[in-house]
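Biologist: I'm new to this one, so could you take me in close on a single part, the nonpolar core, and walk me through it?

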Amino acid sequence: MGEFNRSQTGYVYSDALLKYRFHNKHPFNQMRLKLTTELLEAEGLLSDAQIIKPRIASVDEIATIHNYDYIQAIQRAEQNLLTSEEKEKYGLNGEDTHIFSNIHQSAATIVGGGLNLIDAIMSGKFRNGCHLGGGLHHALEGRANGFCVYNDVAINIKYLIEKYNQRVLYIDTDAHHGDGVQWRFYNSDQVLNYSIHETGKFLFPGSGHYTERGTEEGFGYTINLPLEPYTEHDSYIKVFTETIEAVAKSFKPDFIVSVNGSDIHYLDPLTHMHCNLNTLYQIPNIITQIAEKYCDGKQIMLGGGGYNIWRVVPRAWSHLYLSLIHHSPLKGKLSQKWLDKWKHYSSIPIPEFWEEQFNDYDEIPRRKEISEQNDTIASYILNWF
């Protein structure tokens, strides 16, 4: 695609984003950001002029979503000043989510990256953008949750509503339900919260049932599409396309914020979904089409989940950016320069082609039954519109 479209897309990146790291063997590994960014650069698709450096968000900016006592606890955690009772109270005592070096500063940097991107779009510098280091959609108002310390997603949405008076459509395609964002806006009609995810029957966080529709003024402004485990490409795309178009047509947003986890892929180690790269290449294009139709293109795409950082994430997340610059999916071999550099760091062979090769793909015997159950959920949702 031409320079004209590329120059209208902002891209948040700094090595400071890599410091959000629990420990070396933790599944949440922000090296995937560096892998994706360097792949785009090696392909000649990303220029320095597009890079937006993140800043450290202020306490008051974080407090638009989080309780002050929680923020203060995170700051004190950097100095190892929390008691065991406080760690338990604030969700920092588990194996999944715990204190690490510079926890406040690194989490606040993720928040600041999104706010800088929004300002750049709303000032007219860029038309859209992506912040792959963002998407920490599980953090609650007063508690860390699911690898997430500060809920940058909810803070971004609140910022768009309060500073720019935007009508926000939130689209969450991560395999895990975006519970932290949902509960923060559950009684609000200022944002339409749409989440399509693996059912919580077998997967964290256990929420996101289709009967969760919001309360008070927010009733009807929460839409959940819980899909069956082992859902494959055709069923996923059918349900997603049908329902997101109906939602967008009804809501008519000014701005779209999306979380784009790549953990619906069949090789992801933490979920039971069975989609593939074709699914992950198509999803952002569907979202971008919605943004062009209703928002004059205004949107930000955030990262989210994705725990197979060698075989899945770089190729999948590259296509978030490609959708924003209106570039068709890439084909053929990945940059040899990129492959030569990173093959020395990976403990497994890195895939060399953009196309899905379906290595280790198992056929699902219950395909028809799974698809029918997903269609039933979609029909239930569509009856509301």
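Modeller: Here is the core, with a little of the chain around it. Keep in mind that this is a predicted model, where local features need pLDDT of at least 70, side-chain atom pairs count only at pLDDT 80 or more, and totals for chains, interfaces and linings use all residues. Residues are numbered from 1 along each chain as its sequence is written, and side-chain values use heavy atoms, with hydrogens and water left out.

The chain has 13 helices and 8 strands; these are DSSP runs numbered from the N terminus, helices being H or I of at least four residues and strands E of at least two. Buried residues (under 20% relative accessible area, 1.4 Å probe, protein chains only) make up 61% of the 385 residues.

Now the core itself. A nonpolar core is a set of buried Ala, Val, Leu, Ile, Met, Phe, Trp, Tyr and Cys residues joined through side-chain atoms within 4.5 Å. The largest one here holds 123 residues, and Y150, I157, Y194, Y236, F240 and V257 have the most contacts inside it. Helix α6 (residues 103-122) gives this core its largest share, 10 residues.

Let's zoom in on I157. Contact means heavy atoms within 4.5 Å. Setting aside neighbours within four places in sequence, I157 touches V168, Y170, V181, F185, V191 and V257. V257 is also on the list of residues with the most contacts inside the core.

Stepping back to the chain, 78% of its contacts with a separation of 6 or more are between residues 24 or more positions apart. Along its principal axes, the C-alpha trace spans about 50 × 50 × 45 Å.

Methods: Buried < 20%, exposed > 50% of the residue type's maximum accessible area, 1.4 Å probe, protein only.
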